[in-house]
Amino acid sequence: MNDSIRSQFPILHQHVNGKPLIYFDNAATSQKPLAVINAIEDYYKQYNSNIHRGAHHLAQMATEKYEDARKTVAQHINASEREINFVRGTTEAVNLVATSYGRKFIKAGDEIIVSEMEHHSNIVPWQMLCEEKGATLRVIPITDSGEIIFEEYLKLLSEKTKIVSIAYISNALGSIHPVKEIIRAAHEVGAVVFIDGAQALPHKKVDVKDLDCDFLGFSGHKVFAGTGIGILYGKEELLEKMNPYMGGGEMIKSVSFAGTTYNDLPYKFEAGTPHIEGGISLGAALNYINEIGLENISAYEDELLAYGTEKFLEVEGLRIVGTAKNKASVISFLVNDIHPYDLGVLLNEQGIAIRTGHHCCQPLMDRLKMEGTCRASFAFYNTKEEIDATANALKRAVKILS
Ligand SMILES: *Cc1c(COP(=O)(O)O)cnc(C)c1O
């Protein structure tokens, strides 16, 4: 990738602690291109208004742009607009399904399956549901290299399994799970599958029809849009059967004390005034990455991953945590017995942003018998020069800390 792409990301062109910023914390949140920043600015400068209700020009314009964004999302993942629900993010998408689908369809004795390396947001809502219903949470074990053990997953599946919920790509280690096979096996026992797409959408093409997932959640802010916006995709026939998640304006057809009727999809799950500019920013972000092309993005990020792996391994004592065969551009690592936080602080002094800690995956860290890792996660606007600079900064930091 080149300078013309970096020129679209104003935030990258600054110095931190006297050094050019190197932003390697993309798995926590991504930076925003001008296309997204301008879309948000245009909204507030030109047509800020509440949507869906107004007869006036601004309301119509805001409604049109918001619904255009929904169309963009639908096309992007090969769904219909009725299946695209705007939510706050991946966390809310999981909670919505656990609540609206789970409360209605899960009974005592049922089983829900997650993997050992899920983000807390794909564990806790299921634990809450299991506790409420007397259901059981089962956990797919992983290998030391950070891959799920597929045969063990198959053993967990039974007619008791009602929901399987798993990330497409691990935020902590970058492992890409064989979700298509996972989904197919779950369907054979009649379970529905929720795919946590938070780390997949920024890196690869996700086609819900091809995967045949029942639900998919993702966060706008990880895919170059604003915060506080995300998507829950659900198969139409499942969303139709589910009760609303929240009650309020927008999600109703008519309200009376004799009884209220709910709105059609997708509005049934969108109570209250939504995050209008957030939705619009998500449409702008997806249009932007589609202009570059997800295949180009994936290929370039694979190069960064290979290059970064090689360069980081030149640092004495560095070991990579998570060496799955199929990986996204995430490198988790430890150096000797240096505390990840100390390395993070020294890198920050060199203007380099990485993440340290458990990455919202405490059960994974327990499994790997570590408290946390350092994590460098690359996006398509990162460069090999930044990797070189980081490898050098790591070598200096390790000397200081050893
Ligand atoms: C970030 C992330 C989440 C949570 O997303 P929010 O935007 O905080 O709701 C869930 N799963 C994975 C894999 C993530 O990377």
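A polar contact here is a pair of N or O atoms within 3.5 Å. The structure is a predicted model.

Q: Which atom of the ligand does a polar side-chain atom of Lys 222 approach, and at what distance?
A: Happily, this one can be read against the cut-off, since a polar contact needs N or O atoms within 3.5 Å. The polar side-chain atom of Lys 222 pairs with an oxygen atom of the ligand, at 2.8 Å.

Q: How much of the ligand does the protein bury?
A: Start with the ligand taken alone, which exposes 390 Å². Of that area, the protein buries 86%.

Q: Where does the ligand sit, and how do the residues of its shell divide?
A: The ligand is found in the largest pocket. Its surroundings include Gly 89, Thr 90, His 119, Asp 196 and Ala 198. By class, the shell splits into one nonpolar, nine polar and two charged residues.

Q: What is the volume of the largest cavity?
A: The structure has one cavity of 30 Å³ or more. Among the residues lining the largest cavity are Asn 26, Gln 199, Lys 222 and Phe 378. Its volume is about 60 Å³.

Q: Why does the largest cavity lie between domain 1 and domain 2?
A: The lining is made up of five nonpolar, five polar and one charged residue. Both domains give residues to this lining, so the cavity lies between domain 1 (3–31 + 293–401) and domain 2 (37–290).

Note on methods
Residues are numbered from 1 along each chain as its sequence is written. This is a predicted model: local features need pLDDT of at least 70, side-chain atom pairs count only at pLDDT 80 or more; totals for chains, interfaces and linings use all residues. Side-chain values use heavy atoms; hydrogens and water are left out. A residue is near a molecule or strand if one of its heavy atoms lies within 4 Å of it. A polar contact is a pair of N or O atoms within 3.5 Å; within protein, one must be able to donate a hydrogen and the other to accept it, and residues adjacent in sequence count only if both atoms are side-chain atoms. Accessible areas come from the Shrake-Rupley method with a 1.4 Å probe; for residues, only the protein chains shown count as cover. On a 1 Å grid over the protein atoms alone, a cavity is a set of points where a 1.4 Å probe fits but cannot get out, and a pocket is an open set with protein on both sides within 12 Å along at least five of seven lines; lining residues have an atom within 4 Å of a point. A molecule sits in a cavity or pocket if more than half of its atoms lie within 2 Å of its grid points. Ala, Val, Leu, Ile, Met, Phe, Trp, Tyr, Cys and Pro count as nonpolar, Asp, Glu, Lys and Arg as charged, and the others, Gly among them, as polar. Grid points are joined across faces, edges and corners, and a volume is the space filled by probe spheres set on the points. Domain bounds come from an automatic or database domain assignment.
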